[in-house]
Amino acid sequence: MTQVIYDGTFEGWLTAVFEIYELRLKDIVFAKEEPATGLLFAASYFVVTDPEKAKRVSDGLKKRLSKEGFKRIYSTFLSETEQSEDLMFRFASYVFASEKNIEEDLSNSEVWGIRKAAQITRRESHRMKAFVRFKLTKDELYYAIIEPECDVLPVIENHFKNRYADQRWLIYDAKRKYGIYYDLEKVSTVELQFSDDVNSAKFLAEICDQEEAFFQNLWVQYFNNVNIESRKNTRLHLRHMPKRYWKNLTEKVANLKK
């Protein structure tokens, strides 16, 4: 068995696929950056990301799949489900080995697995579009902190760029320690470290605009006023807004502190 180690990027994975075919590697398993401890006795092959090789694999897949079919591969990568890269490779192998489009062959375990993994990313991205709560800093930057189940920043980037085109904003993924920053012209990827308690009064007082607390309080009051107690359905509410998101939602922080 050969352990194929790449840099953890989608372009790196595409490069790895090219070299697996080029070198005819067999019985492969993917690993990011460092060898997996469970495979210490397997041969290791280190991939250096090559944009040209990555493009050739990407172009080959796009010729054999619909636009949505190729998008599902990328969404599977972002899903960070266990052994997603191996699933993607088996799917890609099936694509390259077939003379016709295979993405509707739901009897195939790889095709079905790609659909399920892509759905995880799609569902989480929809939630993040609804759950992002911006706060305004003293230098007029709107920032929001999220901790999604999978890596959705690349998926939601255009949504927020189009919706808030006239504002500078930063959305930070606290789980993956990186964010996307919009400067009124373009969106850039940034790496930074936020305070451990970003919702504390002290932290907000240090960085937020002096009116931010006022507007947050208005939002909480609005949420409480439109919440009709007699129609409360806790089970349905938790299904649509799981509790793991609450600590970054303005209207829910107060409930968590009770």
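**Exercise 1.** Is Lys-32 buried, exposed or partly exposed? Work this out in the predicted model, then find the salt-bridge partner of Lys-32.

*Solution.* Start with the cut-offs: buried is under 20% relative accessible area, exposed is over 50%, and partly exposed lies in between. Lys-32 has 40% relative accessibility, so Lys-32 counts as partly exposed. Next, look for the partner: Lys-32 forms a salt bridge with Glu-85, with 3.9 Å between the closest N and O atoms. Lys-32 belongs to strand E2 and Glu-85 to helix H4, so the pair ties together parts 53 residues apart in sequence. Finally, apply the cut-offs to Glu-85: at 7% relative accessibility, Glu-85 counts as buried.

**Exercise 2.** Work out the strand order of the open sheet and find its edges.

*Solution.* Begin with the order, which is E2-E1-E3, with parallel pairing. Strands E2 (28-32) and E3 (43-46) each have a single partner strand, so one side of each is left without a neighbour in the sheet. Now take one pair: E1 (residues 2-6) and E3 are joined over four bridges, and Val-4 has Tyr-45 in E3 as its bridge partner. To finish, place helix H4 (residues 84-97): H4 lies across E1 and E2, at about 135° to E2.

**Exercise 3.** Find salt bridges that involve helix H5, using Arg-115 and Arg-127.

*Solution.* First, Arg-115 meets Glu-104 at 2.9 Å, N to O. Glu-104 sits in the loop between H4 and H5, and Arg-115 in helix H5. Second, Arg-127 meets Glu-124 at 3.6 Å, N to O. These two, Arg-127 and Glu-124, are three residues apart in H5, about one helical turn, and both are buried.

Conventions. Residues numbered from 1 in each chain as written. Predicted model: local features only at pLDDT ≥ 70, side-chain atom pairs only at ≥ 80, totals over all residues. Heavy atoms only, no water. Pairing = 2+ DSSP bridges. Contact = heavy atoms within 4.5 Å. Axes fitted to C-alpha atoms, helices over the stretch in contact; angles between N-to-C directions. Salt bridge = Lys/Arg side-chain N within 4 Å of Asp/Glu carboxyl O. Buried < 20%, exposed > 50% of the residue type's maximum accessible area, 1.4 Å probe, protein only.
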